[in-house]
Amino acid sequence: MADDAYKSTPAALLALRCPRCHRGPLFKYPAASWHFSDMYDACAVCEQTFEPEPGFYYGAMYLSFGFAVAIFAVVGLTLNYLAGDPDTWVYVVVIFVLSLLTTPLAFRYSRAMMLYFFGGARYDPKRAARAGH
Ligand SMILES: [Zn+2]
């Protein structure tokens with residue numbers, strides 16, 4: 001196995017790497033970039049496609065919605081119980097700012113989860129070992 005391949009699938013998913021070789025990055029730019037949404041068409045290491053079919057990532061919107069609901073719930077409960085239930089505008093501002101700040105992460109992880117769970121590619125250590133050496 002190549003040294004820079006992530007050994008576990010959850011680790012590769014967290015690192016936003018290719019689901020088949022665990023090496024090639026899914027995204028072209030860092031999350032803190034205006035181009036945070038730009039993906040490679042295919043893996044640079046093993047040539048696994050990152051768009052199995054047209055419109056594949058529409059399903060990622062539901063996962064992204066799940067992230068948004070989780071942020072709402074955590075912020076709401078935190079403000080209510082730890083900050084003594086402040087005025088409504090505090091909830092609105094905190095949720096708005098946090099949602100804005102986490103948009104690149106929610107976008108990228110919802111797409112990565114879509115690719116890992118529904119993209120049909122399984123980890124193949126031989127792919128990671130063969131390519132690039
Ligand atoms: Zn790959």
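Where does α3 bend, and which proline follows within four residues? Select T102: α3 bends there by about 50° (the angle between axes fitted to the seven residues ending there and the seven starting there). P104 is the proline that follows.

This is a predicted model; local features need pLDDT of at least 70, side-chain atom pairs count only at pLDDT 80 or more, and totals for chains, interfaces and linings use all residues. Residues are numbered from 1 along each chain as its sequence is written.

Now show all of α3, residues 88–118. Helices here are DSSP runs of H or I, at least four residues, numbered from the N terminus. The end C-alpha atoms of α3 are only 39 Å apart, against 45 Å for a straight helix of 31 residues at 1.5 Å a residue. That expected span is 1.5 Å times one less than the number of residues.

Add α2, residues 60–82. Its axis lies 8 Å from that of α3, at an angle of about 145° (lines fitted to C-alpha atoms over the stretch in contact; angles run from 0 to 180 degrees between N-to-C directions). The contact holds 17 nonpolar residues, five polar and one charged. Nonpolar means Ala, Val, Leu, Ile, Met, Phe, Trp, Tyr, Cys and Pro; charged means Asp, Glu, Lys and Arg; the others, Gly among them, are polar.

Next, the loop between α1 and α2: select H22. Its phi is positive, about 60°, although H22 is not a glycine. H22 is buried, with 27 other C-beta atoms within 10 Å. Buried takes 20 or more, exposed 12 or fewer, partly exposed in between, with C-beta atoms placed from the backbone.

Key
Helix = DSSP H or I, 4+ residues; strand = E, 2+ residues; numbered from the N terminus.
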